[in-house]
Amino acid sequence: MLDIRELGSILESVGVRRDAYSLDGSLGDERLVLLRDGHHWVTFYSERGLRTDPRSFANEHEACEYFGRVLLADRTSRALPLGTPCALCGSPTRELWAIKRPRFLDVVKTGNWCKLARCCDCEALWCEVAYEPYGALAYLARWHFSEAEWAALHGRDDGKTVGDWNGAMVRAYWSTLPADELSEVAAHRKRSYGRNPVDEPNAFDLGELEKSLGRPG
Ligand SMILES: [Zn+2]
């Protein structure tokens, strides 16, 4: 669940200008405001004492999701230098997320126990595969190809190759994960008795896939 505190640190890390929004109840001029109003959460654009485009949400998470998306969509309000890794998904430095997902991903394709999602800030594509138990644990590998190539690969065998590719990416990159995700992976390995993408290897060749898709990653 996303809350105001985490939203504030995300907006700061992606470089949204501090005067483009307010999360502390102050109004100011020409800024997007998020505040609690009784049992609801409301957002509006504050302009010369007026509340433009007011919206109301039943909970903090939905209000924060909406608020973050509006600000992230407006790239003119950013102040970060080009070339720094995406503060939301870590692309292009990061190749893998384990069990935890980056914030603000939009699902663009849904397949068999897998999906393709796009980072709403940098537009990097992430291929998510659900693993046991109960398909509840997600590993997301950065998809270096296009949406159409993902759909074509999924169509070859109803997602089997997509799953094999994801497993190969997990084995190639899991040791580079941050400490909190490494401990989640360790816990997953311990309780899954070998049925997890780290310990259940397949002979998948990442280089072969790149060739078969027609261009290098
Ligand atoms: Zn990103």
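**Exercise 1. State how far apart the C-alpha centres of domain 1 and domain 2 lie, and describe the contact.**

Step 1. The C-alpha centres of domain 1 and domain 2 lie 32 Å apart. The model is predicted: local features need pLDDT of at least 70, side-chain atom pairs count only at pLDDT 80 or more, and totals for chains, interfaces and linings use all residues. Residues are numbered from 1 along each chain as its sequence is written.

Step 2. The domain assignment gives domain 1 (4-77) and domain 2 (96-212); such bounds come from an automatic or database assignment.

Step 3. Five residues from domain 1 and four residues from domain 2 make the contact, where contact requires C-beta atoms, placed from the backbone, within 7 Å.

Step 4. Helix α2 (residues 60-73) supplies the largest share of the domain 1 side, three residues. Helices are DSSP runs of H or I with at least four residues, strands are E runs of at least two, and both are numbered from the N terminus.

**Exercise 2. Give the strand order of the open sheet and the sense of each pairing.**

Step 1. The order is β1-β2-β3-β4, with mixed pairing. Two strands pair if DSSP finds at least two bridges between them.

Step 2. The edge strands are β1 (21-22) and β4 (50-57).

Step 3. β1 pairs with strand β2 (residues 31-37) in the parallel sense over two bridges, and Y21 stands opposite L32 in β2.

Step 4. β2 and strand β3 (residues 40-47) run antiparallel, joined by seven bridges. R31 stands opposite S46 in β3. The hairpin of β2 and β3 has two residues between the strands, and G38 in the turn has a positive phi of about 65 degrees.

Step 5. β3 and β4 are antiparallel over six bridges; R51 in β4 is the bridge partner of S46. Their hairpin also has two residues between the strands, with R48 in the turn at a positive phi of about 45 degrees.

**Exercise 3. Identify the residues that touch the most other members of the largest nonpolar core.**

Step 1. A nonpolar core is a set of buried Ala, Val, Leu, Ile, Met, Phe, Trp, Tyr and Cys residues joined through C-beta atoms within 7 Å. Buried means 20 or more other C-beta atoms within 10 Å of the residue's own, with C-beta atoms placed from the backbone.

Step 2. The core has 43 residues, of which L96, W126, C127, Y139 and A141 touch the most other members. At least three residues come from each of domain 1 and domain 2.

Step 3. Beyond its neighbours within four places in sequence, Y139 contacts L96, A98, V129, Y131, N166, V170 and P197.

Notes:
Buried ≥ 20, exposed ≤ 12 C-beta atoms within 10 Å, placed from the backbone. Contact = placed C-beta atoms within 7 Å.
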